[in-house]
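Here are a few exercises to work through with the model open in your viewer. Try each task before you read its solution.

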Amino acid sequence: MLQINSSSLYPVLRDFYTLTNLRIVIFDTQFQELMAYPEKRVDFCSLLRQKPEGETACRKSDRDGCKQCAKTKELVLYRCHAGLTEAVVPILDTDGVLAYVMFGQVLPRENGN
């Protein structure tokens with residue numbers, strides 16, 4: 001099981017958010033959120049997750065993104081079920097994937113506009 005030093009990692013997640021304005025989440029290999037900054041999701045995602053079918057679809061999108069990342073062991077960009085762009089990258093050691101870092105929830109720009 002991955003051990004996280006929250007007091008050391010929290011400032012890194014906060015600084016990432018300050019620089020990018022993108023929520024960042026650490027998931028374990030069972031696709032459970034271990035830590036996030038900010039803890040509160042964007043309003044759009046919070047609204048979707050209020051209904052059981054929305055929560056299920058969001059969890060499936062997160063899980064599918066992490067699974068794809070586990071196969072490639074590289075950064076994966078994808079669109080979630082609601083059409084937002086997200087990215088997930090693995091945290092690796094010699095034994096394989098230890099965890100995932102996910103960030104995003106960005107509306108895609110069509111045709112570069």
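**Exercise 1: an unusual peptide bond**

Task: Find where Pro-38 sits in this predicted model, then work out whether the peptide bond from Tyr-37 to Pro-38 is cis or trans.

Solution. Start with the location: Pro-38 belongs to the loop that runs between strand 2 (33-37) and helix 2 (43-48). Next, check omega for the step from Tyr-37 to Pro-38: the angle is near -10°, and that makes the bond cis. Worth flagging, since most peptide bonds are trans.

**Exercise 2: two positive phi angles**

Task: For Phe-31, which loop holds the residue, and is it buried or exposed? Then do the matching job for Lys-73.

Solution. Take Phe-31 to begin with. You'll find Phe-31 in the loop between strand 1 and strand 2. Its phi is positive, about 65°, even though the residue isn't a glycine. Buried means under 20% relative accessible area, so Phe-31, at 18% relative accessibility, counts as buried.

Now Lys-73, which is in the loop between helix 3 and strand 3. Phi is positive here too, near 55°, and again the residue is something other than glycine. Lys-73 has a relative accessible area of 41%, so it is classed as partly exposed. For context, most residues other than glycine have a negative phi.

**Exercise 3: the hairpin**

Task: In which sense do strand 1 and strand 2 pair, and over how many bridges?

Solution. Follow the pairing: strand 1 and strand 2 run antiparallel, over four bridges. For a register check, look across from Ile-26 and you land on Met-35 in strand 2. The two strands make a hairpin with five residues between them, and the turn contains Phe-31 with its positive phi.

**Exercise 4: the nonpolar cores**

Task: Which members of the largest nonpolar core touch the most other members, and which element gives the most to this core?

Solution. The core has 15 residues, and those touching the most other members are Phe-27, Cys-66, Tyr-78, Val-88, Tyr-100 and Met-102. Sort by element next: strand 1 (23-27), helix 3 (52-72), strand 3 (76-79) and strand 5 (96-106) each put in at least two residues. Strand 5 gives the most, with three.

Zoom in on Tyr-100. Skipping residues up to four places away in sequence, its contacts include Phe-27, Phe-31, Cys-66 and Val-88. Finally, don't miss the second, separate core of seven residues, with Leu-13, Ile-24, Ile-26 and Met-35 among them.

**Exercise 5: a serine in helix 3**

Task: Is Ser-61 buried or exposed, and which residues beyond its sequence neighbours is it in contact with?

Solution. Ser-61 is placed in helix 3. Its relative accessibility is 10%, so Ser-61 counts as buried. Once neighbours within four places in sequence are set aside, Ser-61 is in contact with Tyr-78, Cys-80 and His-81.

**Exercise 6: the cavity**

Task: How much space lies in the largest cavity, and how do its lining residues divide by type?

Solution. Counting cavities of 30 Å³ or more gives one. The space inside comes to about 170 Å³. Then go round the wall: 18 residues line the cavity, with Arg-49, Asp-62, Glu-86, Met-102 and Gln-105 nearest its centre. Strand 1, helix 3 and strand 5 are the elements giving two or more residues to the lining, and strand 5 has the largest share, four residues. By type, the lining splits into eight nonpolar, four polar and six charged residues.

Note on methods
Residues are numbered from 1 along each chain as its sequence is written. This is a predicted model: local features need pLDDT of at least 70, side-chain atom pairs count only at pLDDT 80 or more; totals for chains, interfaces and linings use all residues. Side-chain values use heavy atoms; hydrogens and water are left out. A nonpolar core is a set of buried Ala, Val, Leu, Ile, Met, Phe, Trp, Tyr and Cys residues joined through side-chain atoms within 4.5 Å. Buried means under 20% relative accessible area, exposed over 50%, partly exposed in between (1.4 Å probe, protein chains only). Contact means heavy atoms within 4.5 Å. On a 1 Å grid over the protein atoms alone, a cavity is a set of points where a 1.4 Å probe fits but cannot get out, and a pocket is an open set with protein on both sides within 12 Å along at least five of seven lines; lining residues have an atom within 4 Å of a point. Grid points are joined across faces, edges and corners, and a volume is the space filled by probe spheres set on the points. Ala, Val, Leu, Ile, Met, Phe, Trp, Tyr, Cys and Pro count as nonpolar, Asp, Glu, Lys and Arg as charged, and the others, Gly among them, as polar. Two strands pair if DSSP finds at least two bridges between them.
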